[in-house]
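Subject: Structure handover

Hello,

Please find the structure below, with the sequence. My notes come after it.

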2 protein chains.
Amino acid sequence: MIHELGEESTLHDLVEHYFRASFTTENPIITEAVKRMLAAGGKRLRPRLTLLAVQACGGDATSYLHLAAYMELIHVATLIHDDVVDNAATRRGVNATAIDFGNRTSVLAGDYLFAWIFKNVTANYPAPIPHVLSATLAEICDGEVLQLHALGNLGTTVDEYVAMARKKTASLFAAAAECGAIVAGGSAEHVTALHTFGERYGVAFQMLDDLLDVTADSDALGKPVGNDLAERKMTIPLILALSRNDDAFRNDVRAFFGGTGMPIARVLEAIERQGGVTATRREIARWSGEAKRALQPLPPGTAKERLGALADALIE
Amino acid sequence: MIHELGEESTLHDLVEHYFRASFTTENPIITEAVKRMLAAGGKRLRPRLTLLAVQACGGDATSYLHLAAYMELIHVATLIHDDVVDNAATRRGVNATAIDFGNRTSVLAGDYLFAWIFKNVTANYPAPIPHVLSATLAEICDGEVLQLHALGNLGTTVDEYVAMARKKTASLFAAAAECGAIVAGGSAEHVTALHTFGERYGVAFQMLDDLLDVTADSDALGKPVGNDLAERKMTIPLILALSRNDDAFRNDVRAFFGGTGMPIARVLEAIERQGGVTATRREIARWSGEAKRALQPLPPGTAKERLGALADALIE
């Protein structure tokens with residue numbers, strides 16, 4: 001077991017090594033902006049899903065480190081653009097790209113990174129990988145536009161939330177796992193199983209991200225607590241808290257979103273008091289369990305166990 | 001000849017018809033933003049290059065209307081992001097996307113459109129088309145970042161200018177013509193000829209665009225005159241005017257860029273007085289002539305004549 005954990009950490013190290021030592025683009029300004037984002041941290045969960053999916057389908061993970069890295073880079077490119085979109089001042093505990101490089105460079109750096117990834121993917125990976133990744137990027141953007149237009153909409157339902165989370169977050173986890181399965185030559189059943197695992201894992205992951213915005217402290221999170229709330233995002237703890245139909249709470253949220261000076265701490269406390277935190281934990285456990293259930297068709301083995309452990313880690 | 005002109009205008013109409021009647025995406029907000037950009041006009045030169053390249057290589061242009069349309073849509077996506085990047089208030093005479101929809105939606109709409117194009121291109125066109133287009137998008141962004149970092153740099157040389165224009169503008173014209181030649185099954189020599197035509201045409205096109213910012217009136221241009229200058233862009237008329245090494249002029253430009261209240265009309269007049277306009281017309285003629293020369297390997301015919309006429313039109 002120590003050996004196996006060691007192996008997983010080696011794969012992680014190889015991806016990190018690629019980012020530090022090999023990743024470069026033709027544009028030094030963009031390379032620096034991307035390397036700073038990468039150096040600021042991140043759990044590299046998307047590459048990990050790709051490499052574990054390769055292994056679960058009997059492939060050699062070390063042959064697909066670049067493909068795995070591209071999954072993280074798609075995520076980084078969306079973060080660079082999110083920083084512009086959200087006017088976020090910090091990201092992963094360091095200044096956002098947009099703060100240090102300006103909005104103009106951030107927009108172009110994100111565009112360049114998307115194009116650079118597709119340039120490399122189309123050069124090195126056969127169909128359907130380039131199509132899966134471009135369709136996924138379209139879904140991410142679609143989901144982000146939907147989220148943007150749901151800002152401050154107190155009528156947002158859990159189903160609407162899940163539909164947005166599937167697109168903006170879960171689609172990339174699904175693609176990361178699916179692409180690993182495809183390049184490893186997995187059967188159609190195993191490709192579907194890993195896609196489904198990634199999608200359900202991604203929904204649970206987004207819910208946990210929402211939860212941490214309510215419950216974590218800003219040092220641990222690397223960004224301000226209540227940041228989502230301040231941006232009037234309809235997060236799952238808020239939606240579930242509102243589903244109790246407490247008029248006083250609803251009025252408080254409306255007042256906070258209206259910028260009347262209602263303190264954010266009061267709203268955060270009320271979300272917990274209205275059961276939003278507990279209900280969110282329940283939803284995360286449900287989606288995490290569904291993710292593990294999707295793994296059933298895969299043969300037993302270390303990769304399957306580790307994917308299951310990733311799902312379990314969301315509810316610890 | 002009337003019939004032939006009629007045929008070209010029919011192809012143009014078919015592309016327009018696709019944009020008006022068939023173009024749609026999964027996201028209605030983004031579809032509306034893109035359709036507004038398209039309805040505001042544009043000469044559709046990039047699709048025209050694709051379709052003429054198809055014909056020059058003996059193909060049926062009507063079979064490649066969607067591919068041609070994607071060339072315009074890549075351009076539109078970069079314009080949507082330029083609006084964010086440049087804080088442009090108007091574009092093609094109507095409000096910029098960023099003004100009506102907000103910066104956040106503009107960033108996402110441009111991203112979505114890029115992804116949507118690649119999703120469709122990877123689904124419908126074989127290698128190397130998806131790779132050519134993603135590599136081109138990387139070049140465009142690279143060129144725009146270079147331009148951004150050259151803003152207000154009075155030492156920018158003509159060679160540096162051409163290197164930036166090749167990337168940010170000419171690369172898409174080159175790809176538009178090249179992809180038309182490839183899908184029509186053109187020989188390697190003809191594919192190269194059309195790529196080279198597109199690239200040289202694109203450099204001349206960018207120089208004309210720069211010239212119009214100095215000489216046109218704002219109604220004809222659909223955007224404010226002197227807009228480039230106000231953004232401290234190192235345009236070719238300015239670079240060529242500065243190459244005379246007139247200290248008084250250089251000081252005026254420096255003062256204008258420094259925001260000292262120097263009137264823009266004075267700088268625009270001085271660019272002309274320093275020979276910047278005349279020298280730019282000479283450069284455009286040179287690049288336009290080089291573009292026509294690139295067509296030599298192609299068989300004689302209507303398509304070749306029309307490509308030549310497009311190059312000629314830049315110097316009228």
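The notes cover confidence, symmetry, the contacts between chains and domains, and the core.

This is a predicted model, in which local features need pLDDT of at least 70, side-chain atom pairs count only at pLDDT 80 or more, and totals for chains, interfaces and linings use all residues. Residues are numbered from 1 along each chain as its sequence is written, while chains are lettered from A and ligands numbered from 1 in the order in which they are written.

Confidence. The model has ipTM 0.90 and pTM 0.91. For chain A the mean pLDDT (the predictor's confidence in each residue, from 0 to 100) is 90, with 90% of residues at 70 or more. In residues 1-5 of chain A the pLDDT is below 50, and this stretch has one contact beyond near neighbours in sequence. Residues 86-93 of chain A also stay under 50, but the model gives them 19 contacts beyond four places in sequence. A contact here means two C-beta atoms, placed from the backbone, within 7 Å.

Symmetry. A turn of 180 degrees with a shift of 0.0 Å along the axis lays chain A on chain B at an RMSD of 0.0 Å (least squares on C-alpha atoms of residues with pLDDT of at least 70 in both). The two copies are therefore related as by a two-fold rotation axis.

Chain A to chain B. Here 32 residues of chain A are in contact with 32 residues of chain B. On the chain A side, α5(A) gives the most, 13 residues; α2 (28-39), α4, α5 (97-124) and α6 (129-150) each supply at least two. Helices are DSSP runs (H or I, at least four residues), as are strands (E, at least two), numbered from the N terminus. Because 100% of the interface residues of chain A are also interface residues in chain B, the copies meet through the same surface.

Domains. An automatic or database assignment divides chain A into domain 1 (1-127) and domain 2 (144-304). Between them, 24 residues of domain 1 of chain A are in contact with 21 of domain 2 of chain A. On the domain 1 side, α3(A) gives the most, with nine residues.

Core. The largest nonpolar core (buried Ala, Val, Leu, Ile, Met, Phe, Trp, Tyr and Cys joined through C-beta atoms within 7 Å; buried means 20 or more other C-beta atoms within 10 Å) has 197 residues. A:Y112, A:L113, B:Y112 and B:L113 touch the most other members. Both domains of chain A give residues to this core, so it lies between them.

Regards

Conventions. Buried ≥ 20, exposed ≤ 12 C-beta atoms within 10 Å, placed from the backbone.
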